[in-house]
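Morning, everyone. Please bring up the structure, and I'll walk you through a few parts of it.

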Amino acid sequence: MGPGPSDVHPRVLRAMATPLVGYLDPSFVEIMTDVQELLRYVFRTDNEYTLAVSGTGSAAMEAAFANLVEPGETVLVPSNGYFGGRMGEMAARVGGEVVTADAPWGEPLDPATIEAAFDEHQPTVVGVVHGETSTGVRQPEIDEIARIVHEYDAYLVVDTVASLGGVEFRTDEWGADLVYSGSQKCLSAPPGASPLTLSDRAMEKVRNRETQPRSWYLDLEGLWTYWGDDPQYHHTGMTSTVYALREALRLVAEEGIQARWERHRRLAGALKAGVEAMGLELLPADEHWLPSLNAVRIPAAADGDALTSRLLEDDGIEIAAGLGDLAGEVVRVGCMGHSARPANVLPTVGALGRALD
Ligand code: PLP
C-alpha cells in the first residue's frame, strides 16, 4: 500500500517466467504489438507512436524532455510537487531554460497561471503532473491546459506515472501531446517498461530537431526503429518485463478501463472515509483527491518514519512517509492496481489507527 511498486497479479508473475526468446523473434514482435495496442487502450489514444521505454518512469520522463526540448528552448514545469521538480531538472540538463508555474504543494495548478506564464516567458514545452505522488493531488483541467498550450503552438507533456490505469485520463480527448507513465503503479506490472505515447505533431517536432537529442539511448527516433512497423535492433528488448507488462495490460482490458477507474475510486474512497472517521485529513481538497495516492496528514506529535516502520513491522503493511517539502507532515498510502482490494484497504485503515493510538 505504498506509492509503488504495487502488488502484482499471479498471472503477471507467471508471465515473467515465460522462457526467453530473441527480441526480434516473430513471437516476441507479436507480443510487442499487443503491448502497443493495449497501451493505446489504456492511454485512450489512437497515437501511432505508442511504446514502452526500457527503464522506470524516470526514463520515460527523460525521453519526453530529451526529445521535445532543444537547447535554449523555454520549458514550463510545475513547482507544486516533487516530480514537477524532477521534470525541471531533466529539462535543464538537456539545455532547456526552465521556468515554473507555481502553486502550493497540496494544490493543483490553475490554468490561468499557465496562461500568465505564456505571456511572460513564451515556453515551447509545458509539463504537468496528472497524479503528483508527493502530494496526492490530481491535476484537473488537463483539457483546458492543453487548449492554452496549443493556442501558443507549444507542446504539453503529461506525467501519468501514478495515475495511468487507475484514475481517469484521456490522452486524445484532452489534447495531451506526449504522455508517459510507469508500469509499477496502477498498471501493477514490475518496474522497468514505461509506457509513452506521443502525437504525430509531437513526433514531427522530434524529427525536425536542429540538434540530436543528447541521449542516445532514449532518442525516440531510435526507439521507434525497434517499436515501429519493421522492428530493427536498437538496444536489447527487455523480454521478461514486456511479457509481464502485456499480461498486466490484458488484466486491465479484461476489467475494462472505466470499471478500473471506478474500483480505484471505490476502494480509495473506503480508505479516505476510514482515515477521516479517525479524525485525520487528506492533504488535498476533495475535488483534487488522487485515489491512487492518499496523502494523509499526521498529527503534529506523530513521527511519519516511525509510523511507516510500525505498520511494516507489526502488520506487514507497506506505506510511505512524506517526500520533499511534506516530509514529517504526511504519510502516503497507495491504492493502486492489484493492491486496490478490500482485503488490503480495510486492514490498512485498522493498522494506521492502531499505530496512531
Ligand atoms: N513521476 C511520478 C508522478 C512518480 O510518482 C514517479 C515515481 O514514483 C516518477 C515520475 C518516477 O518514476 P520512477 O521512480 O519509476 O523512475
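Let's start with one helix, H11. Its buried residues are Arg-260, Trp-261, His-264, Leu-267, Ala-268, Leu-271, Lys-272 and Val-275. Why do these sit on the same side of H11? Because they cover an arc of only 145 degrees around the axis. Bear in mind that this is a predicted model.

Now turn H11 around. The face pointing away from the buried side carries exposed residues: Gln-258, Ala-259, Ala-273, Glu-276 and Ala-277.

What covers the buried residues of H11? The cover includes two helices, H10 (239–255) and H13 (342–356). It also includes two strands, E10 (293–297) and E12 (330–334).

A word on length. H11 spans residues 257–277, so count 21 residues if you click along. From first C-alpha to last, H11 reaches 30 Å, close to the 30 Å expected at 1.5 Å a residue. Just after the helix comes Gly-279, with a positive phi of about 90 degrees.

Next, the core. The largest nonpolar core has 115 residues. Phe-65, Leu-68 and Leu-178 have the most contacts inside it. Take Leu-68. Leaving aside neighbours within four places in sequence, Leu-68 is in contact with Val-125, Tyr-155, Val-157, Leu-178, Ala-202, Lys-205 and Val-206.

Last stop, the ligand. There are 15 residues around it, and Thr-56, Gly-57, Ser-58, Thr-133 and Val-161 come nearest. Which helix gives the largest share of that shell? Helix H3, residues 57–68, with three residues. By class, the shell has seven nonpolar, seven polar and one charged.

How values were computed
Residues numbered from 1 in each chain as written. Predicted model: local features only at pLDDT ≥ 70, side-chain atom pairs only at ≥ 80, totals over all residues. Core = buried A, V, L, I, M, F, W, Y, C linked by C-beta atoms within 7 Å. Buried ≥ 20, exposed ≤ 12 C-beta atoms within 10 Å, placed from the backbone. Contact = placed C-beta atoms within 7 Å. Helix = DSSP H or I, 4+ residues; strand = E, 2+ residues; numbered from the N terminus. Expected span 1.5 Å × (residues − 1). Arc of directions from axis to C-beta. Near = placed C-beta within 6 Å. Nonpolar A, V, L, I, M, F, W, Y, C, P; charged D, E, K, R; others polar.
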